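Let's take a walk through a protein structure together. Keep the picture open beside the text, and turn it as you read.

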Amino acid sequence: MTLLQVSPSTWDWEFAREILPDMLRGLRVTVEVTVVGIAIALVLGLVLAMLRRSHRRAIRWPVGLMVEFIRSTPLLVQLFFIFYVLPDYDIRLSGWSTIVIGLALHYACYTSETYRAGIESVPKGQWEASTAINLTRMQTWRHVILPQAIPTALPALGNYVVASLKDAPLASSVSVVGILAVAKEIQGDTFRGMEPFTIAGVLFLLVSVPLAILVRLLEKRHAFERT
Amino acid sequence: MLGRDQYQALLDGAQITLQVSALAILWGTVAAVVLGVVSLSPFRPLRWFVRVYVEVLRGVSAIILIFWAYYALPLFGVDLSAMQAGVLALGLNLSAYGAEIVRGAVQAVPRGQTEAALAINLSGWQRLWSIVLPQAMVAVLPPYGNLLIEIMKSSALVSLISMSDLTYEAQSLRQNRAADSIDIFGATLIIYFAIALGITGIVRLLERRFGRGLDTGRAGTAFGAAK
């Protein structure tokens, strides 16, 4: 703590420039993890949403409970669970796989709710008409329901892409060297926290704000098209 | 299985989790209401200020905010304890998301309500406090409940700045090999889930309380059903 007080408390541009390349490398890892994680989440979420509409209670209820449970507990603890508990059962995952699987599972539960809203917005008559023309349940999903449900859900799903990006720095807690881990490392080596953490915040804004604006534009355009 | 001592350690941690969450929710909610109302003010610079505040804070992730408050702020001469940094960061996060919810809900209160309040000569403050906000509450509560759960979940991040919350206690039990990891993290997740259920329950009660006498809200009203 004394070291912190001794160190000069002004912003050091030279130092900032020096650490920038490392920070950017960290950001790249963070973005990579997000992209892979959310891509899996978007597919898995759809599967979960379909399972929650299953005719069988033995499928519907456990899936529903699992979704609620995962949504209500911190991703950080879920990561620890994957990282420390699974090896006891001889499943050893790298930090990278841990954060990707963690993000994918966590956000699949969120996106499943969005898909569900999309599926519920498809009129009941569509199901009945499918039965009338003798489609199987799988055919009904594939050719009738999902083509209508997914476009409705799509803009809202964008919000979870942004949200998952914001959770991706948790990678540092399972020893993946993303943007936060780089910042922490620099802080540990130099005892200067101001530059690395401020740069981390600014770099983050540079990615997440344009992304959020893009999502909002998509939402607006979609709302316009539907009216 | 966990022994008595281990349960006690987790429960002590849960108490810190509740404390951090409650303090952050308390000040974050006050800030959210103020910012939400201010974002509708006729004074343009004020509106812009809120816009920027909301965009920036929603853009950086809670985890980076916490690290920044803990490691970077001291260099600006503000030395915060881990508790203060955590409460500050989580509250900032909450206020940004909360302000948007409050703004939307206030906008959704029919104009006629304000006009009628004006007609019976209520002051600006009375119009806001006794007429508009109580009605906005009905629309605020469901999304706000979800937000509170998000904040409670984010409070797990304070374990990374060495506050002995629930997640931190779980980690130290694991490091001391005090029990099997699956028992430790299983119990931890269940405690978090229980806290989330508690929050949902409280929000439901509030929904019923504020929905009473209005025929709009989803919540059942005392007289509405009979009509």
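We will begin with one chain, then look at the contact between chains, the nonpolar core and two helices.

Before anything else, keep in mind that this is a predicted model. Start with chain A, which has 9 helices and 0 strands. Following chain A from its N terminus, you meet one α element after another: α-α-α-α-α-α-α-α-α. What is the radius of gyration of chain A, and what would a compact globule of 227 residues have? Chain A has 22 Å, whereas such a globule would have a value near 17 Å. Along the principal axes, the C-alpha atoms of chain A fill a box of roughly 80 × 50 × 25 Å. Of the 227 residues in chain A, 40% are buried. Contacts also link distant parts of the sequence: among those in chain A between residues at least 6 apart, 79% join residues at least 24 apart.

Now bring in the second chain. The contact takes 31 residues from chain A and 33 residues from chain B. On the side of chain A that touches chain B, at least two residues each come from α3 (57-72), α4 (75-85), α7 (137-167), α8 (179-190) and α9 (194-226). Which of these helices gives the largest share? That is α9(A), with 10 residues. By type, the residues on this side of chain A divide into 19 nonpolar, 9 polar and 3 charged.

Next, look inside. In soluble globular proteins, nonpolar side chains tend to be buried together. Here the largest nonpolar core has 128 residues, and those with the most contacts inside it are A:Ala200 and B:Ile66. Helix α4 (residues 82-108) of chain B supplies the largest share of this core, 14 residues. Find A:Ala200 in your view: leaving aside residues up to four places away in sequence, A:Ala200 touches A:Met23, A:Ile179, A:Leu180, A:Ala183 and B:Ile64.

Let's return to α4(B). Its 27 residues reach 39 Å from the first C-alpha to the last, close to the 39 Å expected at 1.5 Å a residue. This helix, α4(B), is mostly covered, with 20 of its 27 residues buried.

Our last stop is helix α7 (residues 166-175) of chain B. Why is α7(B) described as largely enclosed by the rest of the structure? Because 7 of its 10 residues are buried; among them are B:Leu166, B:Tyr168 and B:Leu173. The cover over the buried residues of α7(B) includes α4 of chain A, together with α1 (4-38) and α8 (181-211) of chain B. Just after α7(B), you can spot B:Arg177, which takes a positive phi of about 50°.

Conventions
Residues are numbered from 1 along each chain as its sequence is written. Chains are lettered from A and ligands numbered from 1 in the order in which they are written. This is a predicted model: local features need pLDDT of at least 70, side-chain atom pairs count only at pLDDT 80 or more; totals for chains, interfaces and linings use all residues. Two residues are in contact if their C-beta atoms, placed from the backbone, lie within 7 Å. Helices (H or I, at least four residues) and strands (E, at least two) are DSSP runs, numbered from the N terminus. Ala, Val, Leu, Ile, Met, Phe, Trp, Tyr, Cys and Pro count as nonpolar, Asp, Glu, Lys and Arg as charged, and the others, Gly among them, as polar. A nonpolar core is a set of buried Ala, Val, Leu, Ile, Met, Phe, Trp, Tyr and Cys residues joined through C-beta atoms within 7 Å. A residue is buried if 20 or more other C-beta atoms lie within 10 Å of its own, exposed if 12 or fewer, and partly exposed in between; C-beta atoms are placed from the backbone. The expected span of a helix is 1.5 Å times one less than its number of residues. The radius of gyration is taken over C-alpha atoms; the globule rule is 2.2 Å times the number of residues to the power 0.38.
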